[in-house]
Amino acid sequence: VVTLGNVDLTKSLNATSQAFTSDPLVAIGEILTYQVVLTIPPGTITGVTVTDVLDRGLAFVDCLSVTPSSGALTTTLAGGFAAACSPNPADPPNGNPGVLPEPSGSSDPADDGRRVVFDLADITNSGTEDETLTITYQAVVLDNAANVRGGDLNNAVLWNWDTGDLARSASDVTILEPTLTLTKSAAPRVAPPGAP
């Protein structure tokens, strides 16, 4: 029996793009920067994928980086870890990461960009200590009918390899919408007929 000790997965909201909101509040159109950290023990893990499923109301925007903690962490992915953050449509499926609708096959525009799949191939930690791999990417809070004040949005991630998997979620974000007020006044307040 072969076991992998010390494997771990964390996911967090790392930053937001608007100064007037504070965690966990987010505004429509705000860009959220998420970070997924995989802890990888010494040895080789084969067939690694990281699949992120965004709640309806969020959509993938951009992959910023896939960064190993040291040179002891390598991948069989052609081009190394940087190739896991290269949205070239020629790379299957639909680039790496692959950006797909959720649920799979949905034709509803509100489901576009909700499933993000990073193909990391086989990962080897040639060192004697645990190493980490950090994936940083951005999502946007969409302007759709379901995104209303007080609504919560979740973001779940699944790290899968040939012999196991781990799942985690980032903390929910809550939609903040502005409170609008309307006032109207007239001047002058007393006027004869026909006067502006």
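**Figure 1. Cys 63 and Cys 85 are both buried in this predicted model.** The two residues form a disulfide, with an S to S distance of 2.0 Å. The structure holds one disulfide. Its torsion about the S-S bond is about -125°, so the Cys 63 to Cys 85 link is left-handed. The pair ties together distant parts of the chain, 22 residues apart. Cys 63 sits in strand β5 (residues 58–68). Cys 85 sits in the loop between β6 (73–75) and β7 (98–100).

**Figure 2. The largest nonpolar core has 40 residues.** Seven side chains are picked out here: Tyr 34, Leu 38, Val 66, Leu 120, Leu 133, Ile 135 and Trp 159 touch the most other members. Many strands contribute. β1 (8–16), β3 (31–40), β4 (43–54) and β5 each supply at least two residues of this core. So do β8 (115–125), β9 (131–141), β10 (152–161) and β11 (164–176).

**Figure 3. Surroundings of Tyr 34, one of the core residues that touch the most other members.** Residues up to four places away in sequence are not counted here. Tyr 34 touches Lys 11, Ser 12, Leu 13 and Asn 14. Its contacts also include Leu 58, Ile 135, Thr 136, Tyr 137 and Ala 139. Asn 155, Ala 170 and Val 173 are touched by Tyr 34 as well.

**Figure 4. Gln 138 is a buried residue of strand β9.** Its relative accessible area is 19%, under the 20% cut-off, so Gln 138 counts as buried. The side chain of Gln 138 makes a polar contact of 3.4 Å with the side chain of Thr 33. Neighbours within four places in sequence are left aside in what follows. Gln 138 is in contact with Ile 31, Leu 32 and Thr 33. It is also in contact with Ala 59, Phe 60, Val 61, Asp 62 and Leu 64.

**Figure 5. Cis peptide bonds precede Pro 24 and Pro 103.** Most peptide bonds are trans. The bond from Asp 23 to Pro 24 is cis, with omega near 10°. Pro 24 lies in the loop between β1 and β2 (25–27). The bond joining Glu 102 and Pro 103 is also cis, and here omega is about 5°. Pro 103 lies in the loop between β7 and β8.

**Figure 6. Ala 121 has a positive phi.** Most residues other than glycine have a negative phi. Ala 121 is not a glycine, yet its phi is about 55°. Ala 121 belongs to strand β8. Its relative accessible area is 16%, so Ala 121 is buried.

Terms used:
Residues numbered from 1 in each chain as written. Predicted model: local features only at pLDDT ≥ 70, side-chain atom pairs only at ≥ 80, totals over all residues. Heavy atoms only, no water. Disulfide = S-S within 2.5 Å. Helix = DSSP H or I, 4+ residues; strand = E, 2+ residues; numbered from the N terminus. Buried < 20%, exposed > 50% of the residue type's maximum accessible area, 1.4 Å probe, protein only. Core = buried A, V, L, I, M, F, W, Y, C linked by side-chain atoms within 4.5 Å. Contact = heavy atoms within 4.5 Å. Polar contact = N/O pair within 3.5 Å; in protein donor to acceptor, adjacent residues only side chain to side chain.
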